[in-house]
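Dear colleague,

I am handing over a structure for you to look through, with my notes placed underneath. Please open it first and keep it beside you as you read.

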Amino acid sequence: GGEAMQITGMLHGARLLQYVDFPTAEVLGPEADEDAIKALIARCGSVFIKPIFKGGVGKKGKSGLLGRARDLKGALAEKERLYFAEHRVGHVVSKAQGVTFEGAVAAEHEVYFSISDATRFRAPTITLTHKGGMDIEELERRYVAEVPFEALTGLKSFVIANALADIGAPKELVSPLVQHLPKLWELFHHYGMTTLELNPIRMMPGKGGRLVPVACDFKCGFDRDDPRWERLGLPAHLFSADTSDFEQEINALRTYQGQSDVYVINSAGTILAPTFGGGANSLVTQALGDDAIISSDFGGNPPYEKMRDVARICFKHWLRQSNVLFIIGGKSNNTDIEVTFRGMADALREHFGAYGPTPLYVVVGRGGPNLIRGMGVLKDTCEALGLPYRFFGFDSAMSEVVNHAQAVDRWMKAGGRTQVARRLGLAA
């Protein structure tokens with residue numbers, strides 16, 4: 001696949017959904033005049049004001065980047081607050097380029113739906129839950145259906161019906177979703193998308209009490225090498241060039257359990273630090289500064305396959321330039337350390353098998369269930385690959401572990417890398 005391109009938000013999302021007659025929230029763009037905003041509030045009771053960012057920007061709701069207003073005065077105040085809002089993740093700052101006004105949609109059920117080219121199944125796959133509106137990775141798995149289907153026959157209504165039955169969705173959701181969701185496959189397929197995500201779809205009571213699914217947020221990705229997206233006649237500036245292939249590949253893993261939030265901080269950095277947990281993430285990102293390549297949170301008890309894929313993608317893009325592989329997290333309560341470490345160890349071994357050895361020093365700071373067994377797995381792998389390592393248990397202060405990783409990076413830059421290369425039998 002080529003470079004990825006993403007569209008987020010309802011301003012353009014609503015237009016795309018209209019191609020296949022999928023109902024959407026009413027949306028006004030940044031140029032909307034006061035009469036239009038006032039009329040929208042009169043029709044919908046209230047409006048949401050959201051900043052427009054290029055590309056995929058992290059969790060806006062959690063950062064207070066979402067306004068709601070029930071009258072024109074409130075809407076204009078929120079417009080002013082959010083029009084050039086900044087969203088900061090680690091060192092990366094995205095600046096908003098205007099706002100949208102979206103008519104509120106009354107509903108008691110929220111649905112999450114996505115279609116993606118899932119690498120796990122080598123087939124297009126839907127992810128569906130009736131507990132939408134929140135982060136898909138944080139949901140109990142029994143409420144989430146992930147179903148691969150045959151691209152040649154397309155997304156048939158029975159696939160949706162079976163998926164809803166599997167997760168025990170309320171009966172009144174079934175027929176409206178079976179009727180409307182298959183339309184999204186046409187959109188996905190016809191325009192060469194790699195991902196399409198609606199979260200939430202709010203189930204609005206319509207005529208005679210029947211529910212109508214209304215899309216209230218939109219995200220999609222295209223493959224730049226597939227010319228079908230050009231049929232949409234979208235302005236080229238929509239596509240953020242700042243969503244790298246790396247971020248896009250990691251984002252494709254989002255639908256299954258465990259966080260996979262990642263941003264490139266410095267593409268010339270020398271410490272590759274897969275971090276577990278938000279607290280660890282902000283501390284590490286700040287302390288490492290420009291030495292860090294990425295800012296990440298891979299916590300939330302990811303299963304083995306996901307952890308191995310996350311690590312594989314990180315290694316493929318960044319391992320060659322890294323001096324230190326720094327695996328760091330707080331003392332976790334629910335993440336099985338052995339499972340995550342085994343996934344990373346296997347990915348490291350596979351990387352060396354596929355791309356050859358590269359000089360690297362492994363530093364680990366982690367606490368949690370099955371820590372000793374997990375460290376054992378990692379130690380065996382480092383020794384088998386001939387890599388130096390240093391592990392810290394949960395009794396070490398995180399700042400001490402971060403200082404050690406930086407000291408190792410300095411040592412590698414001052415000739416240590418050459419020593420490790422010699423040990424691996426590489427010509428310096």
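The C-alpha centres of domain 1 and domain 3 lie 33 Å apart, the domain bounds being taken from an automatic or database domain assignment. That assignment gives domain 1 as 1-25 + 106-234, domain 2 as 26-104 and domain 3 as 245-423. This is a predicted model, in which local features need pLDDT of at least 70 and side-chain atom pairs count only at pLDDT 80 or more, while totals for chains, interfaces and linings use all residues. Residues are numbered from 1 along each chain as its sequence is written, and side-chain values use heavy atoms, with hydrogens and water left out.

Between domain 1 and domain 3, 18 residues of the former are in contact with twelve residues of the latter, where contact means heavy atoms within 4.5 Å. The count of salt bridges between these two domains is zero (a side-chain nitrogen of Lys or Arg within 4 Å of a carboxyl oxygen of Asp or Glu).

Turning to the strands (DSSP runs of E, at least two residues, numbered from the N terminus), four of them form an open antiparallel sheet in the order E2-E7-E3-E4, with pairing meaning that DSSP finds at least two bridges between two strands. Strand E2 (27-28) and strand E4 (67-69) each have a single partner strand, so one side of each is left without a neighbour in the sheet. Strand E3 (residues 47-51) pairs with strand E7 (residues 99-103) over five bridges, and proline 51 has valine 99 in E7 as its bridge partner.

Best wishes

Key
Helices (H or I, at least four residues) and strands (E, at least two) are DSSP runs, numbered from the N terminus.
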